[in-house]
Amino acid sequence: MSSDGPTPAERFLRGILPENPVLRQVLGICPTLAVTNTMEGAVTMTGAVLFVLTCANVLVSLIRPLLKPHLRILVFTLTIATFVTIADRLLAAFLYDMSRQLGPYIPLIIVNCIIIARCEICASKQPVRTALMDALGQSLGFGLALCALASVREILGFGTWFGKWLGWRVLPVGLSERVWAPWTVMILPPGAFIALALLLGAVNWATARARARKEA
Amino acid sequence: MSYLSTVLLLAISSALINNMVFHFFVGCCPFIGVSRRVDMAFGMGAAVTFVVTVAAFLSWTITWFVLAPGAPLTTAVWRWLRPPSSATPDLSILCYLVYIFVIAWAVQLVEMYIRKFFPSLYKAFGVFLPLITTNCVILFVCLEIMKHVGPIPGSVPDPWRLDKALIYAVCAGLGFMLAIVVMAGLREELELCDVPAPLKGPGITLAIAGILALAFLGFTGMDANLAKRFQSSALPEGVAASTNPPTHAP
């Protein structure tokens, strides 16, 4: 049971790019779009997902002999909900501003498809070590996609990068409106949709090109 | 402001201005996954509206009577267990667990009910019904109701009663249905278009969603202006307020 499929290290690497949850599997779009107008939001969300996914994967992997097929999904969801409650309370205690800013999107991790998909595909069939590496890889892939999107949106929208925590300005303050006006639309919902569409397009294009080059 | 206009404002703002998909980004997975044909999109939208109403009813009841700090049922049990205590019981930390359980239960219930009494509808909904358990719209509406019932006592000046919670839920569901049906209509036409290869599938769908979101931005501020209009034109009070307690907008 444990020997089939890729090794833990391979699973870890696969989660980052070849099977990236957002860019390749198009899962978990809701938080990807909602929290990426600042880098802080993206990093906090990645941290929360990393915590929840790792804990849920490990726990589900530990209890996998006890799982009944018809109650599987309910057990996954309740496990995830417990860890999300812990993550939510931790954020409210230590990062109150981010907890306020992310608002309902932290509890919405419960219904994030990525975590349920990983529990179902990997953790309920694999030993703990594999499940752990898989969770870490998938979370890093998720974080990579979020940070890519948030960088574009924050730089174009506010002209900053980690503006609230570190105060880095990418575009100088006194820049004339004629040279560069901040793209307010990138902070608003439409910017999120369009930026993610272009990012997906770019990834698909790069993949197709790499494949064509390999075949040639 | 009269009861009727408060309700109307709540309905418009949850369905159009703060549209689930285009403003809060919730329900994006079915929005991209199931929006290939109009009839499927309509079925999904209808199923979500139905389940969200049931879930909103259940979650409001549980929040109001059990989960909220100082809720009547919990307080009664608390007093019975340890009479001399003066602390208010607070179960709101359990809300995520309870909501997801309620949603899963409601989806099961709706599925069994439809399978028994409307077999043709059950066949039409197909796999969507179980999938709704993990639909963000439902949980989001439950969380929004909790926010307005008040996680902290006194934090909400005018807590939502059941009527407002239900109106919010129905209109949120209808807003989701509107979004997904519009999207499906556009995607049916898109079958005939020459889309650049890398953008095929989710890419072009998201791009169109972006343009639609831009259109929905046009509704921003409509609620404030409507509220002003309602107040100045002074709708005849008591049309609906005679039976329901008049509510005061903040």
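Which helix gives the most to the lining of the second largest pocket? The tour returns to this question after a walk through the helices. The model on display is predicted.

**First stop: α1 and α7 of chain A**

Select residues 8-16 of chain A, which form helix α1, and then residues 128-157, which form helix α7. The two helices pack with their axes 7 Å apart, at an angle of about 15 degrees. Angles under 35 degrees count as roughly parallel, and α1(A) and α7(A) are therefore roughly parallel to each other. The crossing of α1(A) past α7(A) is right-handed. To display the contact, show Pro8(A), Arg11(A), Phe12(A), Gly15(A) and Ile16(A) on the α1(A) side. On the α7(A) side, the residues to show include Arg129(A), Met133(A), Asp134(A), Leu136(A), Leu140(A) and Leu144(A). Colouring this contact by class gives 7 nonpolar, 5 polar and 3 charged residues.

**Second stop: α7 and α9 of chain A**

Keep α7(A) selected and add residues 189-215 of chain A, helix α9. Here the axes come within 10 Å and cross at roughly 120 degrees. The pair α7(A) and α9(A) is therefore oblique, and its crossing is right-handed. Four residues to select in α7(A) are Ala145(A), Ala148(A), Leu149(A) and Arg153(A). They belong to a contact whose α9(A) side consists of Gly191(A), Ala192(A), Ala195(A), Leu196(A) and Leu199(A). By class, the contact holds 7 nonpolar residues, 1 polar and 1 charged.

**Third stop: α1 and α9 of chain B**

Move to chain B and select helix α1, residues 3-17, together with helix α9, residues 162-190. Their axes lie 7 Å apart, and the packing angle is about 35 degrees. As α1(B) passes α9(B), the crossing is right-handed. Among the α1(B) residues in the contact are Tyr3(B), Val7(B), Leu10(B) and Ser14(B). Among their partners in α9(B) are Asp163(B), Lys164(B), Ile167(B), Tyr168(B) and Cys171(B). This contact comprises 11 nonpolar, 3 polar and 2 charged residues.

**Fourth stop: two loop residues**

Most residues other than glycine have a negative phi. Select Val26(A), in the loop between α1 and α2 of chain A. Val26(A) is not a glycine, yet has a positive phi of about 50 degrees. Next, select Phe25(B), in the loop between α1 and α2 of chain B. Phe25(B) also has a positive phi, near 65 degrees, and is a residue other than glycine.

**Fifth stop: the largest cavity**

How many cavities of 30 Å³ or more does a search of the whole structure find? The search finds 2. The largest cavity contains about 60 Å³ of space. To find this cavity, select Cys30(A), Pro31(A), Leu108(A), Asn112(A) and Cys136(B), which are the closest to its centre of the 13 residues in the lining. Highlight α2(A) as well: it supplies the largest share of the lining, 3 residues. The lining has 11 nonpolar and 2 polar residues, and no charged ones.

**Last stop: the second largest pocket**

The second largest pocket has a volume of about 970 Å³. To centre the view, select Ile73(A), Pro130(B), Leu131(B), Thr133(B) and Thr134(B), the closest to the pocket's centre among its 38 lining residues. Then show the helices that each supply at least two residues of the lining. In chain A these are α4 (72-94) and α6 (113-123). In chain B they are α2 (28-33), α5 (95-117), α7 (128-131) and α10 (202-216). This view holds the reply to the opening question: α5(B) gives the most, with 6 residues. Colour the whole lining by class to finish, and 23 residues appear as nonpolar, 10 as polar and 5 as charged.

Note on methods: Residues are numbered from 1 along each chain as its sequence is written. Chains are lettered from A and ligands numbered from 1 in the order in which they are written. This is a predicted model: local features need pLDDT of at least 70, side-chain atom pairs count only at pLDDT 80 or more; totals for chains, interfaces and linings use all residues. Side-chain values use heavy atoms; hydrogens and water are left out. Axes are lines fitted to C-alpha atoms, for helices over the stretch in contact, and angles run from 0 to 180 degrees between N-to-C directions. Angles under 35 degrees count as roughly parallel, over 145 as roughly antiparallel, 65 to 115 as roughly perpendicular and the rest as oblique. A crossing is left-handed if the near helix is turned anticlockwise from the far one by less than a right angle, and right-handed if clockwise. Contact means heavy atoms within 4.5 Å. Ala, Val, Leu, Ile, Met, Phe, Trp, Tyr, Cys and Pro count as nonpolar, Asp, Glu, Lys and Arg as charged, and the others, Gly among them, as polar. On a 1 Å grid over the protein atoms alone, a cavity is a set of points where a 1.4 Å probe fits but cannot get out, and a pocket is an open set with protein on both sides within 12 Å along at least five of seven lines; lining residues have an atom within 4 Å of a point. Grid points are joined across faces, edges and corners, and a volume is the space filled by probe spheres set on the points.
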